[in-house]
Amino acid sequence: MEKIQAIRGMNDLLPDQSALWQYLEAAVAGVVQGYGYRQIRFPILEETELFKRSIGEVTDIVEKEMYTFDDRNGKSVTLRPEGTASCVRACEEHGLLYNQVQRLWYGGPMFRYEKPQKGRLRQFHQIGVEAFGMAGPDIDAEILLLSARLWRTLGVEQAVTLQLNTLGTPASRAAFRDALVAYLSARKDQLDADSRRRLDSNPLRILDSKDADTQALLAQAPVLFDYLDDESRAHFDRLQGLLDAAGIAYQINPRIVRGLDYYSNTVFEWVTDKLGAQGTVCAGGRYDGLVAQLGGRPTPAVGFAMGIERLALLVETLDRIPPGLDRQADIYLVVAGDVQAAAVRLGEQLRTALPRLRLLTHCGGGSFKSQMKKADRSGASVALILGADEVAGNRVALKYLREEKAQETLTVEEVISRLRG
Ligand code: ATP
Ligand code: MG
């Protein structure tokens, strides 16, 4: 019979990889919680309207990347393509933004119907951070410092650079939009088809075009920076001052507009040249208009999301996987002969005494030699050997598998104190 395979662009995470993912997730959780961010979890399925209203109708995501279908009641639902919209929806629904600030983080799968390739999947995973209720550049700086700390924690700080831009307020952006449309309309025939269409519907997104000719044309186009109002300029200047004071390096990149409509003022991307075309590891910015756009009271907000697949690729490419991460067990208990009852008892006793120990008890019999081979393959550093003689003498044999040391016969108490060290 023909075997069923996973859906294209939706990967299985196999045991050899999952330790790296757990390590990354724990590292991120450790860093963000160190800044007082608390986790929020929301469903992976939402009403389609939520994403249309927040991300914007004329964006790649809403136009062609969403997994949208009718549920059994005929209601249009969508597998979440990102987390910010759901996060705002959940916060509003439960009154989390009323007269208070929130520092939140979330993680999990996101779904976009894209062309699968290295670092680009249809089910991918993000960890995101969102801060609500704070309008100043200090919180922008905080989330950038937090991400910089994460890169240091993971040992990838040399491979990522921070690209920074500001989109200004809606008013300054409108003035810039008019200038950009005037410039591009006069050169309409040189634009790619997508960009030509966007000239009427969402011209700013043309800056984000991946078409080479369009990008060449944009080199001479008006720059948003020249249209900024004083307040946006001051916000951006103060943010740069805070980053300078904290010793965080950055490049100002006026081409960064982000692929979603809801951003305003600060936008940024952490990019690497180590992963080919999919070089953005983490991206975000300020979205002061979104909460009101979704029906809440105006609430300043800033956040980012990072792609775990790309982060995992980066850590692998740079050889920053901590040693021993792929180890299945620390201790392998070899059961030599008909001593299963004693082995089970010993295993449980050790797990109770040393709860952080990963102890793998051999099951299924087999020769001493084959068990020792499995002990080696498990990555364990110590084999404990229990045979009829040891059981009779109330002892256990302990053998170091990665060091040249003589095998010893010890009491259980001695084993425990040895393994504790
Ligand atoms: P790109 O320009 O690469 O398509 P994006 O601007 O669409 O990225 P965001 O929506 O800002 O990406 O998502 C934040 C992060 O999530 C990205 O920087 C990336 O690390 C990750 N990401 C986005 N889409 C995918 C995907 N299809 N597969 C894997 N990771 C992704
Ligand atoms: Mg994209």
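In this predicted model, Asp-273 pairs with its partner Lys-274 in a salt bridge, with the closest N and O atoms 3.7 Å apart. Asp-273 sits out in the open, at a relative accessible area of 63%, while Lys-274 counts as partly exposed at 38% relative accessibility. Pairs like this rest on a simple idea: side chains of opposite charge can pair when their charged atoms come close. The structure holds 22 salt bridges, and a couple of others are worth a look.

Take Asp-60 and Arg-205, whose closest N and O atoms are 4.0 Å apart. Asp-60 belongs to helix H3 (residues 60-65) and Arg-205 to the loop between H7 and H8, so this salt bridge ties together parts that are 145 residues apart in sequence. Arg-205 is buried, with a relative accessible area of 5%, whereas Asp-60 is partly exposed at 22%. The two also belong to a network, in which salt bridges with shared partners link Asp-60, Glu-63, Lys-64, Asp-194, Arg-197, Arg-198 and Arg-205.

Then there is the salt bridge between Glu-142 and Arg-103, at 2.8 Å from N to O. Here a helix meets a strand: Glu-142 comes from helix H5 (residues 137-154) and Arg-103 from strand E5 (residues 102-111), so the pair ties together parts that lie 39 residues apart in sequence. With a relative accessible area of 17%, Glu-142 falls under the 20% cut-off and so is buried. Arg-103, on the other hand, is partly exposed at 25%.

Turning to helix H6, the 16 residues from 170 to 185 should span 22 Å at 1.5 Å a residue, and the end C-alpha atoms are indeed 22 Å apart, so the two values agree. Which residues of H6 are buried? They are Ser-172, Arg-173, Phe-176, Ala-179, Leu-180, Tyr-183 and Leu-184. These buried residues cover an arc of only 130° around the axis, so they lie on the same side of H6. The spacing makes sense in light of a general rule: an α-helix has 3.6 residues a turn, so residues three or four places apart point the same way.

The other side of H6 has exposed residues, namely Pro-170, Ala-171, Asp-178 and Ala-182. As for what the buried residues of H6 pack against, the neighbours are helix H7 (193-201), helix H8 (212-218) and helix H9 (230-246).

Methods. Residues numbered from 1 in each chain as written. Chains lettered and ligands numbered in written order. Predicted model: local features only at pLDDT ≥ 70, side-chain atom pairs only at ≥ 80, totals over all residues. Heavy atoms only, no water. Helix = DSSP H or I, 4+ residues; strand = E, 2+ residues; numbered from the N terminus. Expected span 1.5 Å × (residues − 1). Buried < 20%, exposed > 50% of the residue type's maximum accessible area, 1.4 Å probe, protein only. Arc of directions from axis to C-beta. Contact = heavy atoms within 4.5 Å. Salt bridge = Lys/Arg side-chain N within 4 Å of Asp/Glu carboxyl O.
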